[in-house]
Amino acid sequence: MTKEQEVKDYMIKHLPDYYDYLRIPGISAQGKGIDETVKWLTDKFTELGAIEVKQWHELGGNPVLYAEFAGNSEQTVLFYNHYDVQPPDPLDEWASDPFEPTERNGKLYARGVADDKGELISRMIVLQYFAEHGGLPVNMKFIIEGQEEVGSPTIQDYVHAHRAELTADACIWEGGGKDEDEKFEITAGLKGCLSFDMEVETAKKDLHSSLASYADNAAWRLVQALNSLKDETGHVLVDGYYDDIKPLEPAAKKALEEMEFNGDKVKKQFGLKRPFVTDDPVGELINGTTMTINGISAGYEGAGVKTVIPRRALAKFDCRLVPDQKPAKIFELVRKHLDTHGFSDIKINLQVAEDPSRTSLEDEFIKLNIAVAKEVYGESRTAVIPNSAGTGPGAQFVEELNLPLVSVGIGYSGNGPHGPNEHIRNEDFRDGSWFMYRLLEECGKKK
């Protein structure tokens with residue numbers, strides 16, 4: 001039996017050992033199962049031979065778990081993961097209990113198994129294998145937070161407070177995997193995110209709609225403000241919104257040119273009913289910035305008829321940002337835009353602010369990831385991505401700890417994170433874990 005087959009078989013054999021972890025809800029938005037999750041992970045890390053396991057909670061929020069393992073070289077790899085998950089709703093769309101791990105047709109179903117408990121499980125079983133077969137090739141550190149699914153409001157404070165303990169040579173982010181064409185992705189950064197609410201109130205109570213002859217309508221007022229933010233092409237009209245976007249480096253431009261985007265598959269996968277809003281989806285996914293209405297609420301929204309003038313209207317937004325846009329600055333620009341265009345009565349309330357980050361594709365750690373991916377998956381099945389279209393608190397690790405950061409993992413484009421029937425495929429779990437084994441093995445050879 002080859003080493004590759006041995007490791008892959010080991011991964012699948014020990015995956016059920018972690019089913020109890022998947023059974024704990026750990027829903028940060030609802031405060032469910034947090035303490036139970038932290039205890040389970042603390043006990044497991046201790047069982048695996050950690051030289052140190054700590055729970056950080058002095059700065060508020062859900063506890064941050066830290067674990068450290070000694071390896072056979074001076075190299076240190078820091079892993080970032082999160083133990084919290086999204087609520088399982090709508091329950092009636094699940095084919096099995098979301099908190100009872102269920103295997104069907106080569107897939108493992110459970111809430112959080114893709115985002116991102118399965119990723120952490122893979123890393124822990126790889127660690128376990130190394131420990132039983134001659135020791136770890138590198139020192140391994142884990143920082144696992146419990147509020148990623150609610151915007152990671154405290155992780156930057158914990159990273160700052162514990163930066164001495166978090167020293168490392170590189171950071172491996174929470175997860176990753178294969179794209180819609182089954183290419184394994186090496187992703188070197190994350191977009192930032194600004195999330196805010198926009199609210200307007202035009203009266204102390206809802207009015208009879210006959211009074212629309214003279215009374216203003218909060219819903220119309222909000223719609224007018226919304227229309228001032230974008231033109232018909234989707235271009236954001238806020239002055240200065242695009243000013244700080246950092247041009248891509250030559251290596252990133254080259255990677256962008258080599259990236260493929262299967263528009264037909266994407267449309268089918270998500271059931272898109274309208275044309276794409278851009279002629280350059282790849283470029284926009286990587287170095288484009290967005291402003292998105294997440295939801296609108298106003299007046300009567302129930303069945304039947306209720307003829308009222310809404311007194312209050314609310315819209316929820318997020319903006320995905322790229323280097324070097326700063327959420328705080330964008331928030332102030334939106335406020336200034338509203339004031340300048342006669343909407344000073346519109347209130348905006350900040351919810352989440354996370355900076356973007358991107359590691360150079362010329363970094364040696366990124367190059368090592370690419371080399372190992374080509375070995376494991378093949379050159380034609382490896383994709384290099386300058387940064388993800390999604391968001392996470394990676395900037396704290398890149399800037400505060402001065403670490404190269406890469407996202408790699410066991411997922412694929414159809415995992416369905418946050419939705420019903422979230423799952424991972426056994427083949428991806430095996431392949432992604434073998435990739436991690438080889439990556440850590442090669443890291444241990446560096447001087």
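## Close-up views of a predicted model

Glutamate 182 has a relative accessible area of 29%, which lies between the 20% limit for buried and the 50% limit for exposed, so this residue counts as partly exposed. The views below all come from a predicted model.

**View 1. Glutamate 182 sits in a loop with a positive phi.** The loop here runs between β7 and β8 (184–187). Phi of glutamate 182 is near 65°, although the residue is not a glycine. Most residues other than glycine have a negative phi.

**View 2. Serine 152 also has a positive phi, in the loop between β6 and α5 (155–161).** Its phi is about 50°, again in a residue that is not a glycine. Is serine 152 buried or exposed? With 2% relative accessibility, serine 152 counts as buried.

**View 3. Glutamine 396 belongs to helix α12 (residues 394–400).** Its relative accessibility is 19%; the limit for buried is under 20%, so glutamine 396 counts as buried. Which residues does it touch, leaving aside those up to four places away in sequence? They are Gln156, Val159 and Leu401. From glutamine 396 to glycine 151 the C-alpha to C-alpha distance is 14 Å, while 245 residues separate the two in sequence.

**View 4. Two cis peptide bonds are worth a look, one at aspartate 116 and one at aspartate 324.** Most peptide bonds are trans. The bond from aspartate 115 to aspartate 116 is cis, and its omega is near -15°. Aspartate 116 is part of helix α4 (residues 113–132). The other cis bond joins proline 323 to aspartate 324, with omega about 0°. Here the setting is a loop: aspartate 324 lies between β13 (312–321) and α10 (327–340).

**View 5. Three strands make an open antiparallel sheet.** Their order is β4-β5-β19. Strands β4 (102–104) and β19 (423–425) are the edges, each pairing on one side only. From one strand to the next, the twist averages 25°. Strand β5 (residues 107–109) is joined to β19 by three bridges, and the two run antiparallel. To find one of the pairs, start at tyrosine 109: its bridge partner in β19 is histidine 423. Helix α13 (residues 426–443) packs on this sheet and touches β4, β5 and β19. The direction of α13 makes about 65° with that of β19.

**View 6. Helix α13 is largely enclosed by the rest of the structure.** Of its 18 residues, 15 are buried, so little of the helix is left outside that enclosure. From first C-alpha to last, α13 reaches 26 Å, close to the 26 Å expected at 1.5 Å a residue. One of its neighbours is a set of strands, since α13 lies across β3, β6 and β7 (170–172). Relative to β3, α13 runs at about 150°.

**View 7. Helices α1 (residues 3–14) and α13 pack against each other.** Two packed helices are described by the angle between their axes and the distance between the axes. For this pair the angle is about 125° and the axes are 9 Å apart. The two helices are therefore oblique to each other. Their crossing is right-handed. On the α1 side, the contact is made by Lys3, Glu4, Val7, Lys8, Met11 and Ile12. On the α13 side, the residues are Asn426, Phe429, Arg430, Asp431, Ser433, Trp434 and Tyr437. As you trace them, keep in mind that an α-helix has 3.6 residues a turn, so residues three or four places apart point the same way.

**View 8. Six strands form an open sheet with mixed pairing.** Reading across, the order is β1-β2-β6-β3-β7-β18. At the edges are β1 (52–56) and β18 (405–406), and each pairs on one side only. Strand β3 (residues 76–82) pairs with strand β6 (residues 139–145) in the parallel sense, over seven bridges. Which residue of β6 is the bridge partner of histidine 82? That partner is glutamate 145.

**View 9. Helix α3 (residues 34–47) places its buried residues against several elements.** The 14 residues of α3 reach 20 Å from first C-alpha to last, close to the 20 Å expected at 1.5 Å a residue. The buried residues are Ile34, Thr37, Val38, Trp40, Leu41, Thr42, Lys44 and Phe45. They pack against α2 (19–23), β1, β2 (64–69), α4 and β6. Just after α3 comes glycine 49, with a positive phi of about 100°.

Key
Residues numbered from 1 in each chain as written. Predicted model: local features only at pLDDT ≥ 70, side-chain atom pairs only at ≥ 80, totals over all residues. Heavy atoms only, no water. Pairing = 2+ DSSP bridges. Helix = DSSP H or I, 4+ residues; strand = E, 2+ residues; numbered from the N terminus. Axes fitted to C-alpha atoms, helices over the stretch in contact; angles between N-to-C directions. Contact = heavy atoms within 4.5 Å. Expected span 1.5 Å × (residues − 1). Buried < 20%, exposed > 50% of the residue type's maximum accessible area, 1.4 Å probe, protein only. Parallel < 35°, antiparallel > 145°, perpendicular 65-115°, else oblique. Left-handed = near helix turned anticlockwise from the far one by under 90°.
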